[in-house]
6 protein chains.
Amino acid sequence: MDHQDQPDFPLPMLSLRFMACDAPYADAAAVLFGAPYDGTASFRPGSRFGPAAMRQESLGLETYSPYQDRELPEQKIRDIGDLELPMGGPGPALERIGQAVRRILSDGKKPIMLGGEHLVSLPAITACHERWPDLCVLHFDAHADLREEYLGERLSHATVMRRIWDRVGDGRIWQFGIRSGTTDEFAFARAGRVAMHPFDCDGVAAAVEQIGCRPVYLTVDLDVLDPSEFPGTGTPEPGGVTFLMLLKALLQLQGLNIIGADLVELAPHYDASGVSTAVALKLLRELMIML
Amino acid sequence: MDHQDQPDFPLPMLSLRFMACDAPYADAAAVLFGAPYDGTASFRPGSRFGPAAMRQESLGLETYSPYQDRELPEQKIRDIGDLELPMGGPGPALERIGQAVRRILSDGKKPIMLGGEHLVSLPAITACHERWPDLCVLHFDAHADLREEYLGERLSHATVMRRIWDRVGDGRIWQFGIRSGTTDEFAFARAGRVAMHPFDCDGVAAAVEQIGCRPVYLTVDLDVLDPSEFPGTGTPEPGGVTFLMLLKALLQLQGLNIIGADLVELAPHYDASGVSTAVALKLLRELMIML
Amino acid sequence: MDHQDQPDFPLPMLSLRFMACDAPYADAAAVLFGAPYDGTASFRPGSRFGPAAMRQESLGLETYSPYQDRELPEQKIRDIGDLELPMGGPGPALERIGQAVRRILSDGKKPIMLGGEHLVSLPAITACHERWPDLCVLHFDAHADLREEYLGERLSHATVMRRIWDRVGDGRIWQFGIRSGTTDEFAFARAGRVAMHPFDCDGVAAAVEQIGCRPVYLTVDLDVLDPSEFPGTGTPEPGGVTFLMLLKALLQLQGLNIIGADLVELAPHYDASGVSTAVALKLLRELMIML
Amino acid sequence: MDHQDQPDFPLPMLSLRFMACDAPYADAAAVLFGAPYDGTASFRPGSRFGPAAMRQESLGLETYSPYQDRELPEQKIRDIGDLELPMGGPGPALERIGQAVRRILSDGKKPIMLGGEHLVSLPAITACHERWPDLCVLHFDAHADLREEYLGERLSHATVMRRIWDRVGDGRIWQFGIRSGTTDEFAFARAGRVAMHPFDCDGVAAAVEQIGCRPVYLTVDLDVLDPSEFPGTGTPEPGGVTFLMLLKALLQLQGLNIIGADLVELAPHYDASGVSTAVALKLLRELMIML
Amino acid sequence: MDHQDQPDFPLPMLSLRFMACDAPYADAAAVLFGAPYDGTASFRPGSRFGPAAMRQESLGLETYSPYQDRELPEQKIRDIGDLELPMGGPGPALERIGQAVRRILSDGKKPIMLGGEHLVSLPAITACHERWPDLCVLHFDAHADLREEYLGERLSHATVMRRIWDRVGDGRIWQFGIRSGTTDEFAFARAGRVAMHPFDCDGVAAAVEQIGCRPVYLTVDLDVLDPSEFPGTGTPEPGGVTFLMLLKALLQLQGLNIIGADLVELAPHYDASGVSTAVALKLLRELMIML
Amino acid sequence: MDHQDQPDFPLPMLSLRFMACDAPYADAAAVLFGAPYDGTASFRPGSRFGPAAMRQESLGLETYSPYQDRELPEQKIRDIGDLELPMGGPGPALERIGQAVRRILSDGKKPIMLGGEHLVSLPAITACHERWPDLCVLHFDAHADLREEYLGERLSHATVMRRIWDRVGDGRIWQFGIRSGTTDEFAFARAGRVAMHPFDCDGVAAAVEQIGCRPVYLTVDLDVLDPSEFPGTGTPEPGGVTFLMLLKALLQLQGLNIIGADLVELAPHYDASGVSTAVALKLLRELMIML
């Protein structure tokens with residue numbers, strides 16, 4: 001029960017916020033928020049519905065993780081809800097996301113963002129990079145997202161990592177699980193601009209070592225998971241990693257200095273069973289405990 | 001945007017509460033809350049998911065009603081969220097609902113409750129009846145709900161109006177749209193214990209006249225609607241009234257002294273199109289404007 | 001509880017048969033059975049799943065009809081389950097259906113058949129026609145089903161009424177609700193071979209008068225209903241009749257000598273809400289009370 | 001079978017084009033095409049999937065209309081498929097739609113467009129207005145779409161009729177079925193800038209008389225239909241018109257000089273039963289016969 | 001065909017009972033029955049629909065197992081259908097289940113029960129424990145179900161194994177696949193009250209050895225399976241075991257003296273593809289062959 | 001864009017054909033076509049909808065394969081669409097498929113066929129066998145399909161491999177992934193008439209060696225995949241192979257002289273998430289690159 005939200009009503013109510021994320025804003029070490037934008041989705045839209053589905057279903061989640069043998073920290077995270085974002089061209093939405101992340105950072109807190117399509121990571125990472133010029137980016141995804149442009153647009157879910165590379169430059173991006181893209185994108189990676197580990201999460205330990213104590217932003221496009229475990233996404237790509245493989249990879253990041261993170265591309269309407277949302281929630285819980 | 005909920009964060013956020021229902025509790029003339037209990041559902045459960053679906057989808061609703069040519073009143077209603085209710089036997093859940101309604105009434109506000117199965121109306125009406133011994137009950141439903149007991153239980157969605165009759169007595173209940181029940185239930189009504197108007201909403205105007213200025217509780221089991229317009233319910237009964245017929249009937253209640261109301265039995269999982277939730281939302285908007 | 005089915009077990013069990021249709025075969029005045037064949041469905045198959053869905057969902061139905069103010073007769077009807085029918089070409093399935101109906105008739109009982117696709121009516125009506133050469137056929141449907149052949153086949157859901165006409169001849173078929181067909185089919189009807197009442201159920205009273213005391217077989221293709229009320233069918237045709245219109249038409253048949261009947265073309269997989277099955281069940285209940 | 005498409009293969013194939021719309025382009029009097037853009041959809045996207053669903057399902061449609069007692073004209077319409085349109089900001093998509101309509105008009109043919117969201121009507125009507133400065137617009141819709149801007153954007157599905165008014169001016173737009181909008185939109189209509197007929201299709205005959213022989217563009221937002229008959233749309237609004245009411249209204253337009261038309265806002269993913277697509281198809285057939 | 005059920009009708013009918021489970025009750029070595037109760041389900045109800053779905057879909061199952069190279073035994077198992085159980089508080093339902101199991105045991109037969117929620121195992125195991133005081137319990141599940149109480153209730157799907165521990169005591173319960181619970185539940189297990197094997201089925205061979213020839217009740221909460229293979233359950237937990245891992249574990253039990261078993265928590269409405277039901281059926285077939 | 005299809009219209013259009021398969025027929029080395037027949041499906045029909053779903057969704061597929069590091073060949077494959085096939089008895093449909101494959105072969109091209117049910121492979125393989133009497137058949141499937149007859153029929157999805165064995169004889173068929181069938185079918189295989197590798201794809205390398213340079217027809221019943229990865233099929237069988245296992249097996253066939261291939265039994269309606277179609281598409285892409 002979220003007493004701060006219902007100060008005048010004495011009965012136990014179901015929380016309106018993400019499970020266990022009702023720290024007062026001032027006290028919170030991390031801030032959870034949704035960025036429900038999917039305006040450039042070219043195949044199947046619907047990731048705009050991701051944050052609300054996760055918040056709603058979070059009531060069924062346990063706070064204890066048997067994987068880490070730890071509880072979600074109490075009174076450390078604040079769910080501030082979802083940004084109000086216009087659809088259509090991405091400009092206004094991205095600007096507002098950037099403002100939000102800058103504000104969270106300037107308040108000395110870590111941003112944890114729920115997409116939305118992958119393009120929402122661009123303003124978040126840009127804001128982090130402004131603050132930490134040596135920022136490293138860890139990227140889990142089925143798609144390389146390294147196109148120079150897509151259908152004539154430079155701002156798209158299919159170009160987002162290229163735009164981030166424009167900012168952070170060579171050797172700052174590590175990609176895992178990639179199994180779909182153009183010949184050009186794979187060539188770009190092979191040319192060493194980014195460290196692409198195709199198909200699975202092998203190489204995470206090596207990446208952790210290479211990164212050392214530099215600040216890291218973690219962006220997880222949930223379609224890195226196999227569609228059997230995560231059908232609720234716009235562009236499912238068979239041949240992905242399992243939940244347990246991804247969880248293991250994330251837990252390997254424990255020593256890193258992660259200064260922000262996102263989970264994107266849950267499109268719950270494409271999975272009537274609710275299993276995709278359950279997978280996203282469990283990954284988020286593990287991430288929040290780990291951070 | 002719900003500034004009260006995010007006092008420290010300056011960006012526009014999507015409301016966590018029902019659209020336009022973010023008056024401070026102290027200022028609110030009416031209090032909206034969910035009672036997500038469906039433990040005695042005998043056919044298809046799932047009305048527990050009704051309040052959350054309505055809150056979530058309310059963001060797409062206009063505040064203006066062309067039917068009444070009026071806006072939802074600003075800063076008059078407070079959505080306090082959903083009560084935390086255990087499943088299983090109905091005792092504890094009903095008790096908590098009763099406490100909530102009593103509190104709202106003693107704070108001088110009108111309760112508007114979203115079910116949940118129809119049994120949740122029992123403690124709400126009981127609490128109102130304690131305060132207004134001459135309480136009248138207007139009941140829209142496909143089912144008579146007048147059984148003395150159901151599968152050996154006296155507390156059930158199928159007995160709720162009989163239990164309410166136990167409290168308010170003969171001649172205090174008006175029923176509309178009824179088209180399913182046992183021979184005994186129809187005989188009970190024909191014996192004049194309740195005023196049952198089967199199949200449609202004819203007779204509403206007469207009922208309004210009979211009631212006069214006595215206090216009224218309005219309980220709408222949404223399965224009174226035809227399943228073509230409202231498939232998302234546990235026990236759909238073909239041959240029901242249309243949205244426009246029900247809306248017209250509700251608008252005829254405008255002169256009454258309605259002291260509380262509920263909408264129950266939306267089970268959104270049975271309507272993947274979301275249309276049932278849209279119907280419930282529009283009825284709720286019209287009701288909130290009318291009250 | 002179906003004591004005949006569980007003679008050795010003393011606890012109350014849910015019936016395995018259609019609600020209230022567990023008369024011993026020898027005592028039954030009518031026999032209910034399913035004919036789950038949909039092998040010639042050209043657009044969307046799935047009516048093979050109709051009988052099982054109806055049996056399963058029948059447990060939620062009341063035995064009392066407020067429309068007729070009567071109960072389902074006790075110990076008068078026997079549900080013998082579903083015929084085992086091969087898919088593929090229709091020959092073997094139709095032969096088996098014919099055998100079943102002949103047997104039921106020779107046992108002095110009325111057949112009530114649940115389809116399956118409309119073609120299953122052909123052997124049933126043929127068997128009845130063998131016994132009653134002056135048989136009349138009442139046909140409710142969205143489709144004329146009067147083609148001479150369809151995709152090169154003479155036996156098809158789209159030719160079934162033409163094949164029946166081959167047997168019963170001119171002036172013996174009354175059609176209601178028809179709103180889809182070829183120019184040729186409508187011309188065939190206009191030439192007076194069958195009495196076609198397009199779009200709605202007007203003309204039922206006149207047909208009842210024309211038929212008088214002659215024996216009648218009633219075949220209801222449920223797609224005569226508007227898809228808003230009955231989406232669960234293979235070939236939905238907008239602009240159909242409502243449940244209440246169809247119910248009223250059926251109740252007008254009360255004085256007729258109905259010697260057999262069927263309800264066909266429920267394809268429950270196309271209606272996840274279950275509403276179509278509920279509609280079919282209620283029509284069947286009214287029909288069984290009326291017979 | 002579309003011999004033009006498979007000139008070298010001798011067997012009968014299912015058409016890849018809309019049923020019976022395979023006239024050679026040069027011979028066609030009308031050109032059917034899809035505009036699968038839904039980038040500004042603010043509530044539920046998915047109308048981008050409308051044209052493909054209609055083409056696919058069209059194979060089950062009869063070419064004969066019992067309402068008009070006529071066949072679809074042979075070799076008069078060409079389905080050229082769907083435009084390739086980028087998502088994101090609407091600029092590039094609208095420009096391309098405008099080019100297509102201009103080309104069709106300059107080839108002396110009538111455009112028939114399948115949306116996509118309602119915003120796709122803007123470039124189509126603009127192109128027609130360039131050619132016929134006295135163009136009238138008939139608009140069937142649940143929503144007024146008359147906002148000056150929406151979430152800061154001037155180009156949106158919620159502003160499209162206002163943008164069209166910007167071009168055609170006062171007294172050139174007739175609206176039917178409107179039942180949702182802001183106080184401002186209804187005031188704009190009451191001020192006489194457009195002729196708004198709320199809730200139903202009354203007034204169509206009068207509009208036909210007022211328009212006389214002026215050129216007319218017909219735009220049908222399918223959400224004008226009641227969600228019980230048409231759940232497959234992004235923003236369902238209860239209380240709409242029935243298929244038969246809309247069909248009757250469209251058939252009243254027969255004497256008009258309709259120079260172009262569109263059907264928009266079918267979002268088939270929200271209607272798993274396929275009924276919404278069937279409704280859209282039948283309306284399109286009647287429209288194509290009527291033109 | 002189930003001749004016993006249709007003694008008077010000579011045609012082949014589809015069985016109304018579970019495939020190949022139509023032995024006369026008197027002859028049966030095992031009795032299959034459903035316990036369709038889900039009244040305490042706290043997250044998503046619907047396991048009440050499990051037994052009917054399994055019975056219905058069993059018609060598509062082969063009787064031969066290539067895993068064991070054996071056929072389902074003929075005339076050895078009787079499906080007596082589903083118990084009639086009230087929803088609401090669990091008391092009456094559990095009592096009736098207990099009566100049924102006691103009767104089956106006293107008739108010298110093995111009970112095989114299909115849930116329903118996991119709480120239905122409590123009266124079954126209690127009845128077996130009354131007869132075999134040295135009863136051991138093998139438990140496959142995603143959840144520990146070891147809470148002392150849940151939302152104030154001592155009888156709940158979340159407390160069922162604790163209630164069973166109350167009866168059978170320390171060292172009698174082996175748990176496999178557990179991956180969700182509270183800190184307290186895991187501590188309870190670590191304290192040695194039960195033998196909990198988290199995450200997977202390792203340790204089954206050792207458990208078999210420890211149990212020896214003592215009587216065993218096997219309870220399989222099907223949510224032990226990964227949601228990718230078994231989405232149709234109320235509380236899906238990512239990171240589960242595969243069908244093949246669970247099958248292998250079950251086949252390792254072959255030497256044990258299993259005196260009763262259940263499969264619980266199939267909620268088929270959450271898996272429209274039917275795959276979850278297919279998984280449950282195959283496990284049941286293997287179990288029935290093995291017993 | 002398929003310029004051949006729209007010679008007179010200058011704007012970029014979405015292809016009406018399978019992605020990148022718009023070579024002129026005369027130039028094509030391979031011909032892709034659909035065989036949408038599912039008339040003998042005994043459990044759940046719907047594979048008739050497979051080819052259209054694959055064509056529709058192919059627009060979202062990349063042309064580059066990271067598994068083979070190659071692009072789909074340009075201007076080498078022609079999608080000629082789907083054969084027009086009647087439902088009902090299989091005779092006419094199979095004859096037409098045979099004609100199509102003979103024509104494609106006589107034009108010197110390779111047939112690639114999309115089912116439909118598995119029975120469509122029979123006329124395709126028969127036509128190939130007429131041309132190459134030493135034809136070998138590679139068969140991936142969950143089911144042996146080796147029955148002599150099924151429900152009295154010799155032509156059925158359950159007998160197709162037996163009928164093919166009738167033609168090609170002993171030692172010419174290799175089966176992988178088989179995990180369902182009768183005792184007789186497994187005995188037939190054990191007797192050495194076919195080389196059956198149950199459960200998985202082990203043994204592919206050995207088969208490749210045994211086949212050598214003989215001509216090979218590859219038939220993939222997609223239900224060989226585990227239902228977690230491929231729920232969209234009529235008869236899902238748990239315990240199947242993964243996409244990656246099947247892909248690896250297919251890539252092992254690279255040196256073979258494959259003269260024709262098919263993918264059958266995608267029934268997309270049973271997988272609302274679209275993941276099954278995505279799996280089928282990716283396998284088809286890899287196959288088309290490999291051929």
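Trainee: How many salt bridges does the rule count over all chains?

Mentor: The count comes to 96 salt bridges over all chains, the rule being that a side-chain nitrogen of Lys or Arg lies within 4 Å of a carboxyl oxygen of Asp or Glu. The model is a predicted one, in which local features need pLDDT of at least 70 and side-chain atom pairs count only at pLDDT 80 or more, while totals for chains, interfaces and linings use all residues. Residues are numbered from 1 along each chain as its sequence is written, chains are lettered from A and ligands numbered from 1 in the order in which they are written, and side-chain values use heavy atoms, with hydrogens and water left out.

Trainee: Why is the meeting of Arg163(A) and Asp166(A) called a salt bridge?

Mentor: The side chains of Arg163(A) and Asp166(A) come to 2.8 Å, N to O, which is within the limit of the rule, and therefore the pair is called a salt bridge. Side chains of opposite charge can pair when their charged atoms come close. Both residues belong to helix α4 of chain A (residues 160-168), 3 residues apart, or about one turn of the helix; helices here are DSSP runs of H or I with at least four residues, strands are runs of E with at least two, and both are numbered from the N terminus.

Trainee: What makes the relation of chain A and chain B that of a two-fold axis?

Mentor: Two copies of a chain are related by a rotation about an axis and a shift along it. Chain A can be laid on chain B by a turn of 180° and a shift of 0.0 Å along the axis, with an RMSD of 0.0 Å, the fit being a least-squares one on the C-alpha atoms of residues with pLDDT of at least 70 in both copies. That turn is the relation of a two-fold axis, and the same surface serves both copies, since 100% of the contact residues of chain A recur in chain B.

Trainee: How many residues are in contact, and what area is buried, between chain A and chain B?

Mentor: With contact meaning heavy atoms within 4.5 Å, 29 residues of chain A are in contact with 29 residues of chain B. The buried area, that is, the accessible area (1.4 Å probe) that two parts lose on being put together, summed over both, is about 2,700 Å² here, and carbon and sulfur atoms give 63% of it. In chain A, the residues that lose the most area to chain B are Phe9(A), Leu14(A) and Leu16(A), together 21% of what that side buries. The rule finds 0 salt bridges across this interface.

Trainee: Which axis relates chain F to chain E, and what makes it so?

Mentor: Chain F is laid on chain E by a turn of 120° and a shift of 0.0 Å along the axis, at an RMSD of 0.0 Å, and that is the relation of a three-fold axis. The C-alpha of chain F nearest the axis is that of Ser228(F), 3.0 Å from it.

Trainee: How do you know whether the copies meet through the same or different surfaces?

Mentor: Only 5% of the interface residues of chain F are also interface residues in chain E, so the copies meet through different surfaces. Between them, 20 residues of chain F are in contact with 18 residues of chain E, and the area buried is about 1,600 Å², of which carbon and sulfur atoms give 57%. The count between these two chains is 3 salt bridges; one of the salt bridges joins Glu237(F) to Lys282(E), with the closest N and O atoms 2.4 Å apart.

Trainee: Which strands stand at the edges of the sheet of chain E, and why is one side of each without a neighbour?

Mentor: The open sheet of chain E has 8 strands in the order β4-β1-β5-β10-β9-β6-β7-β8, with parallel pairing, and two strands pair if DSSP finds at least two bridges between them. β4 (77-82) and β8 (195-198) of chain E stand at the edges with a single partner strand each, so one side of each is left without a neighbour in the sheet. The twist averages 15° from one strand to the next.

Trainee: What makes β6 and β9 of chain E a pair of strands?

Mentor: 5 bridges join β6 (residues 136-140) of chain E to β9 (residues 215-221) of chain E, which meets the requirement, and therefore the two strands pair. They run parallel, and Phe140(E) stands opposite Val220(E) in β9(E).

Note on methods. Axes are lines fitted to C-alpha atoms, for helices over the stretch in contact, and angles run from 0 to 180 degrees between N-to-C directions.
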